[in-house]
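Here's a quick tour of a fold, working from a helix to a strand and then to a ligand site. Have the model open as you read.

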Amino acid sequence: MNVDKRVLGILEAAQEGVAPNRDECVFLLQFPETSLEAALLRAVADASTRRRFNNSGILFGQIGVDIAACPGKCKFCAFGEGHTTFEPSVMSDEEILHGVDDFTNTGELYALFLMTMHTFDFERLTRIVQKALERIPRHTQLVVNIGDLDAAQVRDLKAAGVSGAYHVCRLREGSDTALDPEQRKATIRIIKEAGLDWYYCCEPIGPEHSAEELADQIFIGVEYGCFQHAAMRRVYVPSTPLAPRGQISELRLAQVTAVVTLATLTCPETKTIAVHEPNLLGLTAGANAICAESGANPRDLEKETLGRRGRDVNACRMLLYEAGFERFLISPTESISLADAYRCVRT
Ligand code: SF4
């Protein structure tokens, strides 16, 4: 077989549990997604995840609870101030709690994310967290996906019952966004210091990002020790400033997912690898986690993403089944079999 020898060496080492370093990840990311080397990379990452996570997947859900012209001004996001076409809107407490019930009533989610704009009403979010925790299954965790925070706010959220936070220093943060990369990293450190599970991601990946940029961003997650690492592509949203740069294929996203998977091999904190948005190529290239979505979605031009870009829990469960996972975790110690997933379309 005519395969690059250096790639073979990196992948053989990975099969022995040796994670590729930053330069080796750059090398792996430079191959076209249609190459034999990229196919082998995806296969090795897939096999490593099956072994590492006992062939178990994980389901998450996210509710985007508000829409506003966001001061983050992210040039890839449908809500960025200066280019958004949305009118402001905020879900009522009742609407959010109804969404919480819809996501959690079958007890299949490991965690439910509540997502806001970069700026948000902190007191209200804390109140909603407390109300949500009164009605969700005991094992389902609550995670926030919100703007930058100080240490007191993180402590308050933890005291209210929040288990984790999704927080990313994005690709080209500070130039493709109006946010300060150092502030993003400071919030990450605060999340970690508070003992919350920190969810990270290499995102939002576009065709213009070099292998070096991707590797550098991936390694923030490795060096800071993320609970979940992931890969997400930038979705073509016509109203956003970065739309003309286009969108990578799911196959390229799967290649980045595979590199994320191997880069975190020896990261003790990393317990799951996700691919956003949910897709089978990512779930067969090292990812074992996907997220259902409702409400606001930065990658959608509809106010309610469920039924459009957002998938529901049934669809996500079926994707895990189709990807060959045997079970999915609903907590660190409990899981549900996927053996009959094709029969049990729950409502
Ligand atoms: S990605 Fe988040 S922070 Fe950036 S503009 Fe959109 S909602 Fe705001």
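A residue counts as buried if 20 or more other C-beta atoms lie within 10 Å of its own, exposed if 12 or fewer do, and partly exposed in between, with C-beta atoms placed from the backbone. This is a predicted model, where local features need pLDDT of at least 70, side-chain atom pairs count only at pLDDT 80 or more, and totals for chains, interfaces and linings use all residues. Numbering starts from 1 along each chain as its sequence is written. Helices (H or I, at least four residues) and strands (E, at least two) are DSSP runs, numbered from the N terminus.

Start with helix α2 (residues 22-29), where E24, C25, L28 and L29 are buried. Looking down the axis of α2, these buried residues fall within an arc of 140°, so they line one face of the helix; the arc is that of the directions from the helix axis to the C-beta atoms. They pack against α1 (5-15), α3 (36-52), α8 (211-224) and α9 (250-263). Contact here means C-beta atoms, placed from the backbone, within 7 Å. V259 touches C25, L28, L29 and I218, not counting residues up to four places away in sequence.

V259 also turns up in the largest nonpolar core, which has 93 residues; L59, A230, A231 and V259 have the most contacts inside it. The largest share of that core, eight residues, comes from α9. A second, separate core of 12 residues includes C70, C74, C77 and L242. A nonpolar core is a set of buried Ala, Val, Leu, Ile, Met, Phe, Trp, Tyr and Cys residues joined through C-beta atoms within 7 Å.

Next comes strand β1 (residues 56-64), with nine of its nine residues buried. Its pairings (at least two DSSP bridges between two strands) go like this:

| Partner of β1 | Bridges | Sense | Example pair |
|---|---|---|---|
| β12 | three bridges | parallel | I58 and L329 |
| β11 | seven bridges | parallel | G64 and G295 |
| β4 | five bridges | parallel | G61 and L112 |

Just past β12 (327-329), I330 is in the loop leading to β13 (335-337). Is I330 buried or exposed? It has 21 C-beta neighbours inside 10 Å, so I330 counts as buried. I330 and G57 are 273 residues apart in sequence, yet 9.4 Å apart in space, C-alpha to C-alpha.

Finally, the ligand: the residues around it (C-beta within 6 Å, placed from the backbone) include C70, K73, C74, C77 and H118.

Definitions and conventions. Contact = placed C-beta atoms within 7 Å.
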